[in-house]
Amino acid sequence: MPINLIAIPIAAVAALVVGFIWYNPKVFGNAWMQASGMTEEKMKGGNMAKIFGLALFFAVLLAVQLMQMTNPQWGALGMVGGDPTNALPSFEAFMADYGTAFRTFKHGALHGTLAGILVALPIIGTNALFERKSAKYIFINAGYWIVTLAVMGAILCGM
């Protein structure tokens, strides 16, 4: 099962699009700025090309890993050591029967949401606790990642 080289950049860009909407002042932007201690002056002081470039790079890395979390066939591939040419004939028969099972946008969104809740939320929450950030901060940022991973998972599994 090859990596979908079309779905990965689409999913990565989707992360930035969701962020553009999520952190817009009319959605959660103002609340996030208050909860994080961010100011307009700090926002203007950053190198936006570097910030968005690195954010896109990180989103690509995330998409590569999330593809493996949202597509159940990766588990079967892992059982044969990652190289289907070394697998027994039963692997080819299995993949012929189940190679496209659960490859839907809905299934990917489910697993992306689970990754957001079970991976992103605990990481963000732990960091925020030690940074003495509020629950509001945790829920705004974790909410972004839950929605983003759901969208990315839908793209990666459904395409």
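This report walks through the helices of one predicted protein model, from the whole chain down to single residues.

## The chain as a whole

The protein chain has eight helices and zero strands. Read along the sequence, the pattern is therefore simply α-α-α-α-α-α-α-α. The C-alpha atoms fill a box of roughly 60 × 30 × 25 Å, taken along the principal axes. The chain has 159 residues, and 33% of them count as buried. Take the contacts in the chain with a separation of 6 or more: residues 24 or more positions apart account for 81% of them.

## Helix α7

Helix α7 covers residues 105-130. Its 26 residues should span 38 Å at 1.5 Å a residue. The end C-alpha atoms are 36 Å apart, which agrees with that expectation. Where does α7 kink? The kink lies at Ala120, shortly before the proline Pro122, and amounts to about 35°.

Which residues of α7 are buried? They are His107, Gly108, Gly112, Ala115, Gly116, Ala120, Ile124, Gly125 and Ala128. Ala120 thus appears twice: at the kink and among the buried residues. The buried residues of α7 pack against two helices, α4 (48-70) and α8 (135-158).

His107 gives a closer look at this helix. It sits in α7. Its relative accessibility is 16%, so His107 counts as buried, the cut-off being under 20%. Leaving aside neighbours within four places in sequence, His107 is in contact with Thr70, Pro72, Phe102 and Cys157. Of these partners, Thr70 is one of the buried residues of α4.

## Helix α4

Helix α4 has 23 residues, which should span 33 Å at 1.5 Å a residue. Its end C-alpha atoms are 31 Å apart, and this agrees. Buried in α4 are Ala59, Ala63, Leu66, Met67 and Thr70. The buried residues of α4 pack against α1, α5 (73-79), α7 and α8.

Phe52 lies in α4 too. With a relative accessible area of 46%, Phe52 is partly exposed. Phe52 and Ala128 are 76 residues apart in sequence, and their C-alpha atoms are 23 Å apart in space. Ala128 is one of the buried residues of α7.

Phe52 is also a partner of Leu16, a residue of helix α1 (residues 7-22). Beyond its neighbours within four places in sequence, Leu16 is in contact with Phe52, Ala55 and Leu56. At 26% relative accessibility, Leu16 counts as partly exposed. Leu16 and Gln34 are 18 residues apart along the chain, and 21 Å separates their C-alpha atoms.

## Two crossings with α8

Two packed helices are described by the angle between their axes and the distance between the axes. Helix α8 takes part in both pairs below.

| Helix pair | Axes come within | Crossing angle | Handedness |
|---|---|---|---|
| α7 and α8 | 6 Å | roughly 150° | right-handed |
| α1 and α8 | 9 Å | roughly 150° | right-handed |

How do α7 and α8 run relative to each other, parallel or antiparallel? Their axes cross at roughly 150°. An angle over 145 degrees counts as roughly antiparallel, and α7 and α8 are therefore roughly antiparallel to each other.

The axes of α1 and α8 also cross at roughly 150°. That makes α1 roughly antiparallel to α8.

Which residues of α1 meet α8? On the α1 side they are Ala7, Ile8, Ile10, Ala11, Ala12, Ala14, Ala15, Val18, Gly19 and Trp22. On the α8 side they are Ile140, Gly143, Tyr144, Val147, Thr148, Val151, Met152, Ile155 and Leu156.

## Two loop residues with positive phi

Most residues other than glycine have a negative phi. Phe102 is not a glycine, yet its phi is positive, about 60°. Phe102 is placed in the loop between α6 (89-98) and α7. It counts as exposed, at 56% relative accessibility. Phe102 is also one of the contacts of buried His107.

Arg132 has a positive phi of about 60° as well, although it is not a glycine. Its place is in the loop between α7 and α8. Arg132 counts as exposed, at 68% relative accessibility.

Notes. Residues are numbered from 1 along each chain as its sequence is written. This is a predicted model: local features need pLDDT of at least 70, side-chain atom pairs count only at pLDDT 80 or more; totals for chains, interfaces and linings use all residues. Side-chain values use heavy atoms; hydrogens and water are left out. Helices (H or I, at least four residues) and strands (E, at least two) are DSSP runs, numbered from the N terminus. The expected span of a helix is 1.5 Å times one less than its number of residues. The bend at a residue is the angle between axes fitted to the seven residues ending there and the seven starting there. Buried means under 20% relative accessible area, exposed over 50%, partly exposed in between (1.4 Å probe, protein chains only). Contact means heavy atoms within 4.5 Å. Axes are lines fitted to C-alpha atoms, for helices over the stretch in contact, and angles run from 0 to 180 degrees between N-to-C directions. Angles under 35 degrees count as roughly parallel, over 145 as roughly antiparallel, 65 to 115 as roughly perpendicular and the rest as oblique. A crossing is left-handed if the near helix is turned anticlockwise from the far one by less than a right angle, and right-handed if clockwise.
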